[in-house]
Every structure is written in structure tokens, then in C-alpha cells.
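Student: I have a model open and would like to work through how its chains fit together. Could we take it step by step?

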Protein chains: 2
Amino acid sequence: MQTIDDTAALIDRARRGDRRALARALTAVEGGGEAAQRVGAAAARHAGQGYVVGITGAPGAGKSTLTGQLVGARRRLGDRIAVLAIDPSSPFSGGAILGDRVRMQAHATDDGAYIRSMATRGHLGGLTLATPQAVRVLDAAGYPWVIVETVGVGQVEVDIAGAADTTIVVVNPGWGDAVQANKAGLLEIADIFVINKADRDGAEATRNDLEQMLMMGKLAEDGWIPPVLMTVSTTGQGADELWGAVEDHRTHCEKTGVLDERRRRRTETEMHTILVRRLEQLATAQGGTEAWRSLAESVTGGELDPYTAVERLLVTVGLRS
Amino acid sequence: MQTIDDTAALIDRARRGDRRALARALTAVEGGGEAAQRVGAAAARHAGQGYVVGITGAPGAGKSTLTGQLVGARRRLGDRIAVLAIDPSSPFSGGAILGDRVRMQAHATDDGAYIRSMATRGHLGGLTLATPQAVRVLDAAGYPWVIVETVGVGQVEVDIAGAADTTIVVVNPGWGDAVQANKAGLLEIADIFVINKADRDGAEATRNDLEQMLMMGKLAEDGWIPPVLMTVSTTGQGADELWGAVEDHRTHCEKTGVLDERRRRRTETEMHTILVRRLEQLATAQGGTEAWRSLAESVTGGELDPYTAVERLLVTVGLRS
């Protein structure tokens, strides 16, 4: 078993550029439990410098290829950059998932780029907690840019992508895409829109659609109007301009205090999720188990309704008086 | 405001056949909150006799028409029957929704049939809690059969349909449908398969596909092998046979103790969902406190990791020593 000292040593090695140590730290974070918490706590002491960019959009929009181009463009500027790709195991995702090996080819020999997939293992809720911890580890390991890429097809994925300093929403040319993005709640979280595959027909029309939808929605309270950019991820066209837009947004958020506010809110959301989970553990811990079983029996037997049963359980375990 | 006595009176009126009282009770349940809990608690005292049949499948599979035929077939046997149609407002659902008025036409003047849609109002999680409460109300109102119909496109909908005594999964002829059903996790929850629109090409092939998939999966532990039935919901063909299969499954579950076991597990799942939600309320109540704010600040400032912060909060509020 890893001790606290081992964990600190692991993070130190990751900070000195040891990619195997970094991989082990991320695996620990992905696995959850106490090891994940120790790694996260050790990482937190060195984190706070990284800037998090979220990328989301429907399956097949070309997010992975675009992410690859963004990594290349950032590396040409000399910055280290890491990517967390959230692997959707959703039963309805369908599309093939571009594996790490394929993505990595272009950056495999580059020590300044680190790309990692995080699997859901059928436990989506876990990702909500694992993602910020993984970002913390990459931040501590000295990556000033961290891209979190998710497929925007479920609330959890949308939430994860939206929990970034700057969120990029990727759509393709065609009316349906803008509408779908709107339906999926992507319009609300977008700081920057990208019409990828912009060499196809209908890119301009999609830009107009998006801009109209944005105008119909209420203007962002922070005074930022999401720009709509065009990219062709297969050639890299537009990747530099996209980084330009990210940096514009970053400057805006830093100047207006929006960045601090966002990070504070992100922290509180994370703490809230952790608190709920801890309370759940406390409620179902010993003492709770016996009470739980007998209360469940009363509900199944029709003597008690489940809400009253839960209130009684909370009293039994001392969470309510 | 309704008092507890009012609520009991409402359920009593619904039990005496007052459809307006029943509708009001269901609206209360749908709305959530304390009124929903009072209604559910009052209903629980009279519930326990109803048998719940879940129907699910992809949009357009003909579930609503089939449900209408099932209602007709059951009424011809003289049994009262209620339908809860879960209205999918999922951003990705797309398909048109058959309204209550259309469905009701055939049974509008029939006091022994009651059909009701429950809307998600953008709050899918709420349905997980509202559905068993609504079933409890219909059960208390004296409907020995309750059909819960959902479109099987999301985990929540699949969970709701699967939380029945007998679950029917509806597919259409064509290889894609069986594969989609499998991907969506519908194979695991199916007690009975129905190939609806069986007058179309490919019905036999789809039956073979399904039976092969079932053979490849591990055999059900309870010894029940899901039969694959054919229906044509536009004509009613197969509806009587489908009820026959439901009754076979019911007999099997009653004999083997599977029914009690399922209901016990269903109760525990419901209690767990309620528990998590109550804990979430308790956690939110902490959100505004001074201790919370100062801990969140430390986390945002990088002095503390969020897990340690939550542990300290639990100590502060006396839930941990």
C-alpha cells in the first residue's frame, strides 16, 4: 500500500518530468478511493498555474482531431500542454473512439505534450470527481495548458466540459448541428464556438444560425460575446486563430475577475459533490445498515412510505435530530 | 395549503373512483416537494395490490399504440388498468410525442381505464422519484394493473421501465433494432421481447437475432428465459398473447420468490435515491455557511485540497469527530 510519503514522492517525480510517475498518479486518481485523495492532496500543493480549456460537441464533430491540432499549435509556441480525453461509454454514443495511440502518434516523441484518456467504467458519476483531480495532477506536473475533451451528449459530460476556464463547443456545418447543440445545453456553456469541417457546404449558414441563437439568448452577464470560429481539423486550418480566441477570453476573464469567480464556483461545485458522497457514506455506514434493512422491509410491506423511512434513517445515524 | 387531512381525503376520493381527485393527486406527485410526499404517504397505506408492467423501446417502435391495445385487451377481460406514460423531454429524443388526447380517444368514456402522461420538465432526475410515487397512487386508487411506458433512450428512462414487476422491451423488424436495444442496455432488463410491426419484412430474422443475443448473454439467474413475441399494434394482433406472456412471467416470479425480491430491491433503490437527494439538501444547506466559504477559499487558493476541506467541514458541523 502507498503511504502519504510515497504519494508525495510520486507527484515530485511527475513534476520532474517522469511520465511513468505521472501516468501512475492519474491511474490512482481514476480509480477513486483513498489513493485518489492522497494523490489529489499532494498535487494540490503544487497546482494553481494551469489554465483549463474544455472542448465538447456531438460525436463525430472532429473534436479529437481538432484537439490534436491544438496541441501541435501550442507546442509550436513552445508551451507544454496536456490533454484529458473523457472516454464516453454511453450506450448510445455509437461512433468509434479515436484511441490514445492514434492521437499520440504525432506527439509520441514530444516530452512537452501529454495525452491521456479517462474511462468511465460504467460509473459516470465518478468522472465528475476524477476529472478535477486529474486536472490538478497535470497542473502540478507543470502543464500550463490542460485541455479536457468530452463528447457533449449527456449532462455529466456537458458539466465536465463546462467546468473549464474557457469552454469551446464544436459543431459541424448544417442547421441540425446548431439546433442539437442548443438542445443539449451547449449554447449556455460555450465561451467560443467552432464550426469544424468548415470546408464543407453550409459553414457560413451555420455561423449565422449560431450567431442568431446567441442573440436570441440573453447576453452573457460578464460582457463576453462568444465568437464563432471556423476550423478544418484535418488540415489544421484555424487552430492558431482558435488559440487566439482562447487567449482573448482568458485576458477578458482575468481582467473582469470572471476567472476567479469561475474557479471559486468550480471549487464549490466540486466540494458539494464530495460532501454529498461523504454524507452518503456516513448514512450507509455501520449502524445505518441494520436500520436501513428494517426500514426497507417496512416500506416493502406497505407500513411506511419511503420518504418517512429515509427521515428515520437520518435520525438513526445522527445526521438529523 | 393542503393539510395532511386534505391529502388523506384526496386519496380517499380517488379510491372511490373520483378521477379529478386522482388527477390532482398525480399532479401533486409530479410537482415533487412536500405535497408529493404527503400524497405518496397517504397512498402507501392503501397500495400493494397493483402489478406494474414496464414498456420501453426506441422512439417510433409503436409503444404507445401497443399500450393502447394492451389497455383494450385488459378491459375486455374486465380488469381496471392505468397507464403512466413518461414524456421524454430529453434534448436528444427528437420524435413526436403521441398526446394523451389521441391515446385517450378509445378509452375516454371508459371509467375502468386511466391514462396519464408525466412530463420531465427538464428535470429527469425528478421522474425517478415521481414515477414510483405515481404508481403508488394508481395502485391505491384500485388499479390492479399499472403500465409504465417510457422511451428507452436514456439511462433514467431505462431504469424507470426496468423498475417494474414485468418489463416488456419493444423492437421493430430489422437487424439494427436488436443491436440498438442491446447497446441501450434493454436486453438486460427485458422479461419479454415484443417485435412490433411484425407484418413488416424481417420480423423472423429479428426474432432469431434476439434469441441468439439472449443465448450469448448469461442465462437469467431466476430461470426465466425472455420469450420473443410478435405484435401488430395498429390492428391489435398479438395483444392477448402478450398479456398471456405477462401473466406467465408473473406466475413464475410469484412462485420463485423473484417478485418479492424485485420489489424489495425496487424499494431499496427508491430509498437510496431519496436518501441521496436529502443528503444533497443537507449539503446545500452547508453551502452558505461561514465555515464553507472559508474552506472553499482555501481550496481555490491552493492551500487545501477539496477532500480535506470537506472532512474539516464535517468536523465543524459535528458530523465527524
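Tutor: Start with a definition: copies are superposed by least squares on the C-alpha atoms of residues with pLDDT of at least 70 in both. The pLDDT condition applies here, as this is a predicted model.

Student: By what turn can chain A be laid on chain B?

Tutor: Two copies of a chain are related by a rotation about an axis and a shift along it. For chain A on chain B, the superposition has an RMSD of 1.1 Å and a shift of 0.8 Å along the axis, and the turn is 179°. The two copies are thus related as by a two-fold rotation axis. The value asked for is a turn of 179°.

Student: Do the copies meet through the same surface or different ones, and what share of interface residues tells us?

Tutor: The contact involves 40 residues of chain A and 41 residues of chain B. Of the interface residues of chain A, those that are also interface residues in chain B make up a share that shows the copies meeting through the same surface, and so the answer is the same surface, at 98%.

Student: Which helix of chain A supplies the largest share of the side that touches chain B?

Tutor: On chain A, at least two residues of that side come from each of helix 3 (33-44), helix 12 (258-284), helix 13 (288-300) and helix 14 (306-316). The side as a whole divides into 23 nonpolar, nine polar and eight charged residues. With 15 residues, the largest share belongs to helix 12 of chain A.

Student: How do helix 14 of chain A and helix 12 of chain B pack, and is their crossing left-handed or right-handed?

Tutor: Their axes are 9 Å apart, at an angle of about 60°. An angle from 35 up to 65 degrees is neither roughly parallel nor roughly perpendicular, so helix 14 of chain A is oblique to helix 12 of chain B. The crossing of these two helices is right-handed.

Student: How many residues in that contact of helix 14 of chain A with helix 12 of chain B are nonpolar?

Tutor: Helix 14 of chain A contributes residues including A:Y307, A:V310 and A:L314, and helix 12 of chain B contributes residues including B:E270, B:I274 and B:R278. One residue of the contact is polar and two are charged, while the nonpolar ones number nine.

Student: Is B:D139 buried or exposed?

Tutor: B:D139 lies in helix 6 (residues 124-140) of chain B, and among the residues it touches are B:A47, B:Q49 and B:V146. A residue is buried if 20 or more other C-beta atoms lie within 10 Å of its own. B:D139 has 24 such neighbours, so it counts as buried.

Technical notes: Residues are numbered from 1 along each chain as its sequence is written. Chains are lettered from A and ligands numbered from 1 in the order in which they are written. This is a predicted model: local features need pLDDT of at least 70, side-chain atom pairs count only at pLDDT 80 or more; totals for chains, interfaces and linings use all residues. Two residues are in contact if their C-beta atoms, placed from the backbone, lie within 7 Å. Helices (H or I, at least four residues) and strands (E, at least two) are DSSP runs, numbered from the N terminus. Ala, Val, Leu, Ile, Met, Phe, Trp, Tyr, Cys and Pro count as nonpolar, Asp, Glu, Lys and Arg as charged, and the others, Gly among them, as polar. A residue is buried if 20 or more other C-beta atoms lie within 10 Å of its own, exposed if 12 or fewer, and partly exposed in between; C-beta atoms are placed from the backbone. Axes are lines fitted to C-alpha atoms, for helices over the stretch in contact, and angles run from 0 to 180 degrees between N-to-C directions. Angles under 35 degrees count as roughly parallel, over 145 as roughly antiparallel, 65 to 115 as roughly perpendicular and the rest as oblique. A crossing is left-handed if the near helix is turned anticlockwise from the far one by less than a right angle, and right-handed if clockwise. Lists of a residue's contacts leave out its neighbours within four places in sequence.
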